Amino acid sequence: MPFSLIPDRLFDRYTDVTPQLLRTLDIRLLLCDLDYTLAPRSVPSPDSTLRQWLADCKSAGVTVKILSNNRSTSRVETFCHELGISYVGHAGKPGVRGYREAMDGVAAAHTAMLGDKLLTDVLGAKRSGVLALMVEPLGGPAGAWNHVLHLLQRPFKWIAKRRCRKL
């Protein structure tokens, strides 16, 4: 299995990952982390911006599913129920089991993962053979450990930015 902590593409926020870009990349399934990727952890319900982005993805033929390591099943379940999308909770990222379950027959070549952490989202995407898309954490990193993690991510993000400029 491939081992890489370098995302394929970097974005400031999830709305920068447009349905048009996904179609250009031939992505039919977009797996998304929930906390700090689509909403700050402190936000209990989806907002209108997220609802519109999901509607635009659906109109473009891109299915969006949540792939979360969140320990609270109720948070992910409630959030996804309000959005009308499916999810895989307790996904075990960066392991491939959750990715395979969420992909449900969609080829890795047509799947991307969108997340905010290298050690779970990006590494898991790379190990699963799917396109690794990374965003800055919504609401910023919370707590001392997340500040350290995001500081450690900087060199890998710098490499990704340099590679993306060459595309």
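**Exercise 1. Is Trp53 buried or exposed in this predicted model?**

Step 1. Start with the number: Trp53 has a relative accessible area of 5%.

Step 2. Bring in the cut-off: buried means under 20%.

Step 3. Put the two together: Trp53 is buried, because its relative accessible area is 5%.

**Exercise 2. Find the aromatic pair in the structure and describe its geometry.**

Step 1. There's one aromatic pair to look for. Its partners are Tyr14 and Trp53.

Step 2. What do you need for the description? A pair of aromatic rings is described by the distance of the centres and the angle of the planes.

Step 3. Here the centres of Tyr14 and Trp53 are 5.0 Å apart, with 75° between the planes. Planes over 60 degrees apart count as edge-to-face, and that's the label this pair gets.

Step 4. Now place the partners along the chain. Tyr14 sits in the loop between strand 1 (9-11) and helix 1 (19-24), while Trp53 belongs to helix 2, so the pair ties together parts that are 39 residues apart in sequence.

Step 5. Check Tyr14 for burial too: its relative accessibility is 1%, so Tyr14 counts as buried.

**Exercise 3. Work out where Thr49 lies and which residues it touches.**

Step 1. Locate Thr49: you'll find it in helix 2, which covers residues 48-59.

Step 2. Judge its accessibility. Thr49 comes out at 37%, so it counts as partly exposed.

Step 3. List its contacts, skipping residues up to four places away in sequence: Thr49 touches Arg13, Tyr14 and Thr15. Tyr14 is a residue you've already met, as the ring partner of Trp53.

Step 4. Try a distance as well. Thr49 and Glu77 are 28 residues apart in sequence, and their C-alpha atoms are 19 Å apart in space.

**Exercise 4. Explore the largest nonpolar core and say which residues have the most contacts inside it.**

Step 1. A bit of background: in soluble globular proteins, nonpolar side chains tend to be buried together.

Step 2. In this model, the largest nonpolar core has 27 residues, and Leu30, Trp53 and Leu114 have the most contacts inside it.

Step 3. Two or more residues come from each of these elements: strand 2 (29-32), helix 2, strand 3, helix 3, strand 5 (111-115) and strand 6 (131-135).

Step 4. Zoom in on Leu30. Leaving out neighbours within four places in sequence, its contacts include Leu22, Trp53, Val64, Leu114 and Leu133.

Step 5. Don't stop there: another core, of 17 residues, lies apart from the largest one, and Leu5, Met103, Leu118 and Val130 are among its members.

**Exercise 5. Decide whether helix 5 is mostly covered or mostly open.**

Step 1. Helix 5 spans residues 118-128, and nine of its eleven residues are buried. So there's your verdict: mostly covered.

Step 2. Name some of the buried residues: they include Leu118, Asp121, Val122 and Lys126.

Step 3. Look just past the end. Gly129 follows helix 5, and its phi is positive, near 80°.

**Exercise 6. Describe the two largest pockets by volume and lining.**

Step 1. The largest pocket has a volume of about 510 Å³, and the second largest about 180 Å³.

Step 2. For the largest pocket, 20 residues form the lining, and Asp35, Arg41, Asn69, Asn70 and Lys117 lie nearest the centre. Sorted by type, the lining has six nonpolar, six polar and eight charged residues.

Step 3. For the second largest pocket, helix 2 gives the largest share of the lining, four residues. This lining divides into six nonpolar, two polar and three charged residues.

Technical notes. Residues are numbered from 1 along each chain as its sequence is written. This is a predicted model: local features need pLDDT of at least 70, side-chain atom pairs count only at pLDDT 80 or more; totals for chains, interfaces and linings use all residues. Side-chain values use heavy atoms; hydrogens and water are left out. Buried means under 20% relative accessible area, exposed over 50%, partly exposed in between (1.4 Å probe, protein chains only). Contact means heavy atoms within 4.5 Å. On a 1 Å grid over the protein atoms alone, a cavity is a set of points where a 1.4 Å probe fits but cannot get out, and a pocket is an open set with protein on both sides within 12 Å along at least five of seven lines; lining residues have an atom within 4 Å of a point. Grid points are joined across faces, edges and corners, and a volume is the space filled by probe spheres set on the points. Ala, Val, Leu, Ile, Met, Phe, Trp, Tyr, Cys and Pro count as nonpolar, Asp, Glu, Lys and Arg as charged, and the others, Gly among them, as polar. Rings of Phe, Tyr and Trp (its six-membered ring) pair if their centres lie within 6.5 Å; planes under 30 degrees apart count as stacked, over 60 as edge-to-face and the rest as tilted. A nonpolar core is a set of buried Ala, Val, Leu, Ile, Met, Phe, Trp, Tyr and Cys residues joined through side-chain atoms within 4.5 Å.
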